There are 4 protein chains.
Amino acid sequence: MSLNLADARTIITAAEAKATEIGQPMNIAVVDAGGNLVSHVRMDGAWLGSIDISINKAFTARAFDLPTKDLADNAQPTQQFYGIHASNHGRIMIFAGGIPVKRDGVVVGAIGVSGGAGDQDQSVAEAGSTAL
Amino acid sequence: MSLNLADARTIITAAEAKATEIGQPMNIAVVDAGGNLVSHVRMDGAWLGSIDISINKAFTARAFDLPTKDLADNAQPTQQFYGIHASNHGRIMIFAGGIPVKRDGVVVGAIGVSGGAGDQDQSVAEAGSTAL
Amino acid sequence: MSLNLADARTIITAAEAKATEIGQPMNIAVVDAGGNLVSHVRMDGAWLGSIDISINKAFTARAFDLPTKDLADNAQPTQQFYGIHASNHGRIMIFAGGIPVKRDGVVVGAIGVSGGAGDQDQSVAEAGSTAL
Amino acid sequence: MSLNLADARTIITAAEAKATEIGQPMNIAVVDAGGNLVSHVRMDGAWLGSIDISINKAFTARAFDLPTKDLADNAQPTQQFYGIHASNHGRIMIFAGGIPVKRDGVVVGAIGVSGGAGDQDQSVAEAGSTAL
């Protein structure tokens, strides 16, 4: 019950189209049900620092089965998960751009997007996460 | 003066029963008096990202001989231990779910629980920490 | 298609019985099909340094779908995989004690054992890997 | 003077075709002239442990502008670069499968392949590195 490479490419194609539409080059990563990388692309001109972030956003979305944007709310100072970004050897990303990918209601992987403002990353991730 | 594997299993059994009772699958870890892992279980369906967190909560609770929930108060911005989560190579967890385990008033290890909301993690950790 | 916690406990019970039989306390770890930890136990008196090794042996056996003992042959100086132990952030163990666990011919996880001589680790891992 | 995403895809397509031809699923990664990841794919069934290795082989091939296979000869015990695999935070891979990619005689990036025996990785990397 995990997405495969063909699924990952479908997701990335949709996300890439959205990134092109909004005019913001992105790093886009897809992980499987085990949280392991299936595919990554860095669009021309996208930030180098976002390679790692996109992969980790995808990991985080699968690691907790929720959008990283939602995790952010709980990871602020004084909130219940404040400090979670120090766990998992620096792989937990607590801002928008990571979203679980579901098939028939079951999480089969996740997408992570990084390269723009938070709402841009989020919209590109949404385009990808709903492509299956 | 440290808990052993049989103790860890008693603690995990009690914690697991509580997790089942509240309907939230958890990662549960127990460390000994040296802060080193004695046992870990990931219940079916529990978050992958919580493996590391449960082990680190247990370490943290023993490392400072206090519930990680209490550490949280002191680790917020402007408080005296703000920044402590950057120490110990990312092993310090500053939110609820880690509790020292005592025998005859002496800390002999700790339990760490991760997989739900903060109060869920805390209630499962409490069930485990009082099982000896 | 992954082993679950009940499977992991069956595997650990069999491995632990073997370790007791040969009189050598062990660290025993089981990972799922995604390479993520499902359960770990450290038997009383087992080496502290073997906590990490047992978990990483299990990861390695799943990461390459082969016994770590076989990987060792290929990871010696002048052999084709020499240097592989530097990859995956130090998680690749290239000596005996890690074995994939299969169900109906498919790898569904792996066991890692550390705490004794290589042949002891291997025999305990074999007892666990064939328990399902 | 660096390869871009379109180039990376051309390289990956050629490498993937070779991997399919020899019947061995692979992880394939391409880095740019800066040594930074441009794209990665994990073919269905390819080893999880090879995600990191493929990316690092590509990095290494660009980092030293030579095939990782050649580096191996110099990285054996008693040879001049013995110990180099401990540098660069574990990113240096000293076995076959990483090859620089040139355009008009200039290195513009590199490909890294991992998932089979050394000669399989090498042949797939060669198919990719000559695709531009």
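**Exercise 1. Determine how strand β2 of chain A is joined to β2(D), and in which direction the two run.**

Solution. Strand β2 of chain A spans residues 37-42, and three bridges join it to β2(D). The two strands run antiparallel. One bridge partner can be named: A:Val41 is matched in β2(D) by D:Ser39. Strands here are DSSP runs of E of at least two residues, and helices are runs of H or I of at least four, numbered from the N terminus; two strands pair if DSSP finds at least two bridges between them.

The model is predicted: local features need pLDDT of at least 70 and side-chain atom pairs pLDDT 80 or more, while totals for chains, interfaces and linings use all residues. Residues are numbered from 1 along each chain, chains are lettered from A in the order in which they are written, and side-chain values use heavy atoms, without hydrogens and water.

**Exercise 2. Find the operation that lays chain D on chain A.**

Solution. Superpose by least squares on the C-alpha atoms of residues with pLDDT of at least 70 in both copies. A turn of 180° with a shift of 0.1 Å along the axis gives an RMSD of 0.1 Å. The two copies are therefore related as by a two-fold rotation axis. In chain D, the C-alpha nearest that axis belongs to D:His40, at 2.5 Å.

**Exercise 3. Describe the contact between chain D and chain A.**

Solution. Start with the count: 18 residues of chain D are in contact (heavy atoms within 4.5 Å) with 18 residues of chain A. Of the interface residues of chain D, 100% are also interface residues in chain A, so the copies meet through the same surface.

Next, the area. The two chains bury about 1400 Å² (accessible area lost, 1.4 Å probe, summed over both), with 44% on carbon and sulfur atoms. D:Leu5, D:Leu37 and D:Arg42 lose the most area in chain D, together 33% of what that side buries.

Then the salt bridges (Lys or Arg side-chain nitrogen within 4 Å of an Asp or Glu carboxyl oxygen): there are four. One of them is D:Arg9 with A:Glu16, whose closest N and O atoms are 2.7 Å apart. Finally, β2(D) supplies the largest share of the side of chain D that touches chain A, six residues.

**Exercise 4. Describe the contact between chain A and chain B.**

Solution. Here 19 residues of chain A are in contact with 18 residues of chain B. The buried area is about 1500 Å², 62% of it from carbon and sulfur atoms. A:Phe64, A:Phe81 and A:Tyr82 lose the most area in chain A, together 34% of what that side buries. The salt-bridge rule finds zero across this interface.
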